[in-house]
Amino acid sequence: MDLKEKIGIHLDQIKQLKGVENVVLTQRDGNPIQSAGVWFSKDEIFNVSSATSAIFNVGIHLHPNDLKYILIEGKKAKILIAPLNSPIHYSLNRILQQQGILDNKHEFFIAITAQPNTNLGGIFLQTSECLKKIKTTLITSGESFKPPLVQFDEQRIQSIIKGFNVKENENFNFKVSSFSLNLSENISMELRKVLSNFSIAIPDLKYAHITIEGGFIASKILKNTNDKEENLDNISAMSYSLFQTANRCAWLLKKMNAENILLDCENSFQFIHGLGKAIFSTEMGKSRQRLGLIRLIIPQFSNKIHSLIKRASEIQDQRSFDIKTMLGELIIKG
């Protein structure tokens, strides 16, 4: 039994969990390695792997040393992305690093697609055990299994495709509309008030920001941290990019929109909530926070922010002009 077959067995253990639909082991550059679960078309194999790779890389950039997993949630599914080099497996990671099999660059990750009502506790527990088994398999195999080049020839592509269950392609079209959102002074003040109340409700809050198209901050608040302010613009842009890529990944996998994202780290949580034409992103420490309680608190504030963003959008739509009418008036006046 070769290395990929052994890895496939471990992936299949996760697939056996109730509600889990698909599990894919992928390298950081987007190269798919092995899969267990529902069938993919040839295009989906690489599209899904590249999309989850982009999400994973942004997550690692935001939290380079302590990212445990990324959870994307929508109406039809939950998508879990977990690094193979998880910080919770310190001793095993050290062995791998000493043998040159794994380093601290997070070269491998697992992407799991599950039904929306799936028990996350079971998935997290089984995923952690699976990561250990895969890393142990790498150690005992004696293979370096280093990432390949990003370029693939036809033979390499066909080899990858054979490792997946392949279905027929489905044709679909969808449109993405662009926008430019302007906030009135009144709405901006109300947004700042919501963030101020949010900071009171979350004792270990590090920062929170509301970001519109392009990653531009519409409103923000920083608390208990001085070194983040100069980096908050970059964090905002990356968080917005992560959410947009998660939207693409969710569409590729389940034809759905991503609603919220959780980045679980060793010492903090980062939440990103979609707000139509904006996102609400916040990071907080874990010392005085419980995940279940936070999940109840955040929607109360994100809903208020969403209504304000929606109001701003409606006001802007009322002020929009008809280019044909404007050109007609220019001709008449001329």
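How much space lies in the second largest cavity? In this predicted model, the second largest cavity holds about 30 Å³ of space. Two cavities of 30 Å³ or more are counted here, and the largest cavity contains about 40 Å³. Both can be described through the residues and elements that surround them.

The second largest cavity has a lining made up of Leu-71, Lys-78, Ile-79, Leu-80, Ile-112, Ala-114, Leu-120 and Ile-123. Sorted by class, this lining comprises seven nonpolar residues, no polar residues and one charged residue. The elements that each contribute at least two residues to it are strand E4 (78-83), E5 and helix H4 (120-141). Of the elements involved, E4 gives the most to this lining, with three residues.

Turning to the largest cavity, its lining consists of Asn-22, Val-24, Phe-40, Val-48, Thr-52, Ala-111, Ile-112, Thr-113 and Leu-253. Two or more of these residues come from each of strand E1 (20-27), helix H2 (42-62) and strand E5 (108-114). The largest share, three residues, is supplied by E5. Six nonpolar and three polar residues make up this lining, with no charged residues among them. It is worth pausing on Ile-112, which appears in the lining of the largest cavity and also in that of the second largest. Strand E5 likewise gives two or more residues to the lining of the largest cavity and at least two to that of the second largest.

A further point of interest is strand E10, which spans residues 278-285 and is mostly covered, with eight of its eight residues buried. Which residues lie on the two sides of this strand? One side carries Ala-278, Phe-280, Thr-282 and Met-284, while the other carries Ile-279, Ser-281, Glu-283 and Gly-285, and all of them are buried. The charged residue Glu-283 is thus found among the buried residues of E10.

The pairing of E10 adds to this picture. Strand E6 (residues 205-212) pairs with E10 in the antiparallel sense over seven bridges, and His-209 stands opposite Ser-281 of E10. Strand E9 (residues 268-274) also runs antiparallel to E10, and seven bridges join these two strands. Within that pairing, Ser-268 has Gly-285 in E10 as its bridge partner. Strands E9 and E10 form a hairpin with three residues between the strands, where Gly-276 takes a positive phi near 75°. Ser-281 and Gly-285, which stand opposite His-209 and Ser-268 respectively, both belong to the side of E10 that includes Ile-279 and Glu-283.

How values were computed. Residues numbered from 1 in each chain as written. Predicted model: local features only at pLDDT ≥ 70, side-chain atom pairs only at ≥ 80, totals over all residues. Heavy atoms only, no water. 1 Å grid on protein atoms, 1.4 Å probe; cavity = no way out; pocket = protein on both sides within 12 Å on 5 of 7 lines; lining within 4 Å. Points joined across faces, edges and corners; volume = space filled by probe spheres on them. Helix = DSSP H or I, 4+ residues; strand = E, 2+ residues; numbered from the N terminus. Buried < 20%, exposed > 50% of the residue type's maximum accessible area, 1.4 Å probe, protein only. Pairing = 2+ DSSP bridges.
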